[in-house]
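Biologist: Hey, can you walk me through this one? I'm new to reading structures.
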Amino acid sequence: MKKITIVLDGVADRPNEKLGGKTPLEYAHTPNLDTLFQKSRGGVVKTIPDGLEIGSAVANLSLLGFDPHTYRGRAVIEAAGLEMPIDENDLYIRANMVTFEGGSFEDSKIKSYSAYEIATEKAEPVAKALAKEVFGDGYELHYCGSFRNILVVKGGKKLYPVDFMPAHDIIAQPIAQYIKTEGKQAPFFDLMRRSYEFLQDKGIDANGLWFWGASIMPDIKGDTAGRVALSETLLMDGITKISGIPNIGTKREGRSFEDFLERKLEKSLKAVRDYENIYVHIQEPDDLSHELMPVEKAQAVAAFDKVFLPGFLAGLKGEYTLKLSSDHFTFSDTGAHGGEPVPFLFYDSTRPAKGQGRYTEQGCKETGLSLTAAELGKW
C-alpha cells in the first residue's frame, strides 16, 4: 500500500482581523479539502517536542519519521542542500539580508526578514562585495540566492551552541534587546554591525545582515527504502541530502502559484508511480505568513484546493493512505512560528470514514484526537 504525506508548511494559523476573525484555513474556499476531511480521521499532531526549536526543520524531521533530537541547527542543513562541502569541525550560520529601519544598527527594527524577497541579480554582487570587504580571518560568507547567505566559521564547532533569534520571529521589534556585546556571541554582532554600515546606500532593499540558525553537522538516520521527497526549499533539500532520501525538487522561479502547483502535481503523480512512500512539501503558506499576508495565504490554500488536490486524488490508483498536515503554526499577524499541535487528516482508501466538518485548526481539534508525530507515523 502506498504511503503519501502532504505537508502544507506553516498553514496552521490563528484568527486574523484582516480575515474577519477567521484563520486562513477557515477563510479559504476549500471544498475538496473539506470533502477529503469528511472521509478521513482528523486530529492534531505534536510535531515539535518540548524544548526543541520551533520551526520547519524539527517539525519536518518529526513528520519524516526521523529523531528530531538529532537536529543541531539549520544552516548546515541548508549548506548540504546547496551541495557545499561540509566540514564537521566548522560552525554554520544562516545570514539573512534584511531590511532594517532605524538611525543605526543598535536602534533598528527588522522591517523585512528577507529584504522583500530581494532578487538574486540585485543581491548577489552586493553580497559578494560584502563578503570580501567585511569577512575574513576564519569567517567565510557564502551567497546562496535571493536574501540567503551562509556564514562558515572555520574550526567553530567548539562554539556550538550559539543562540540567535530568527529574523522572522522578531519583525518590528527593537533588535537592541537581542544584541550581545560579551561572550562568544559578541564577535557575531560586531560582524552584523559592520555589515549594516557597509550595506547603507547600496541602492537595494537589503541594508543589513541578521544571523540565526547556528549549527553543526547532525546525525540524521533512518529507513529510506522506497522513499522520495518533493521539496521546494534549501532546508528540505538538505534534510533529504543528509538522510539519503531521493529528492525531486520544484522551485517557484517567478511563475504564478497556480502554474507552480500544476508542475508540482505532475511530478507528485509520477513519484507516486515510482515510489512507495512519498512526502510532498508545499512552502507557500509559510512564506506568506512571514510576510504578514493573511489574505494571500488564504488564497494560496484555495489554489491548492482547486489546482493540486483534486488532480492528485484523481490520479491515485490502487490502495493508499494519505496524511495531510501542517508542520507547525505560522502566525500571519506577527510572522512568528508556534509549536502547538497542528491539524492533520488521515485518509485510508480501503476504509473511508463518514464524517462532517472542515479541515481547519478548530475542526481538527474538536475531534479530540491528539497524537505525537511518532504515533502518527505508525498509521
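Modeller: Sure, and let's start with a word you'll need: a residue is called buried when its relative accessible area is under 20%. Keep in mind that this is a predicted model.

Biologist: OK, so what share of the residues count as buried here?
Modeller: In this chain of 379 residues, 56% count as buried.

Biologist: And how many helices and strands are there?
Modeller: The chain has 12 helices and 14 strands. Its radius of gyration is 21 Å, close to the 21 Å from the globule rule for 379 residues, so the chain is as compact as a globular protein of that length.

Biologist: Which residues touch the most other members of the largest nonpolar core?
Modeller: That core has 46 residues, and the ones touching the most other members are Ile-93, Met-97, Phe-135, Phe-164, Phe-188, Trp-210 and Phe-211. Several elements each supply at least two core residues, including strand E3 (91–101), helix H5 (120–134) and strand E7 (208–215).

Biologist: Which element gives the most?
Modeller: H6 does, with seven residues.

Biologist: What does Phe-211 touch?
Modeller: Leaving out residues up to four places away in sequence, its contacts include Ile-93, Phe-135, Leu-151, Phe-164 and Phe-188. There's also another core apart from the largest one, with 40 residues, among them Phe-257, Val-272, Ile-278 and Phe-312.

Biologist: Switching topic, how many charged side chains are there, positive and negative?
Modeller: There are 45 positive and 54 negative ones, and the centres of the two sets lie 4 Å apart.

Biologist: And what about the exposed surface, how much of it comes from carbon and sulfur?
Modeller: The chain exposes about 16,000 Å², and carbon and sulfur atoms supply 48% of that.

Technical notes: Residues numbered from 1 in each chain as written. Predicted model: local features only at pLDDT ≥ 70, side-chain atom pairs only at ≥ 80, totals over all residues. Heavy atoms only, no water. Helix = DSSP H or I, 4+ residues; strand = E, 2+ residues; numbered from the N terminus. Rg over C-alpha atoms; globule rule 2.2 N^0.38 Å. Buried < 20%, exposed > 50% of the residue type's maximum accessible area, 1.4 Å probe, protein only. Areas by Shrake-Rupley, 256 points an atom, 1.4 Å probe, with all protein chains shown as cover. Lys, Arg positive; Asp, Glu negative; His and termini not counted. Charge placed at Lys NZ, Arg CZ, Asp CG, Glu CD. Core = buried A, V, L, I, M, F, W, Y, C linked by side-chain atoms within 4.5 Å. Contact = heavy atoms within 4.5 Å.
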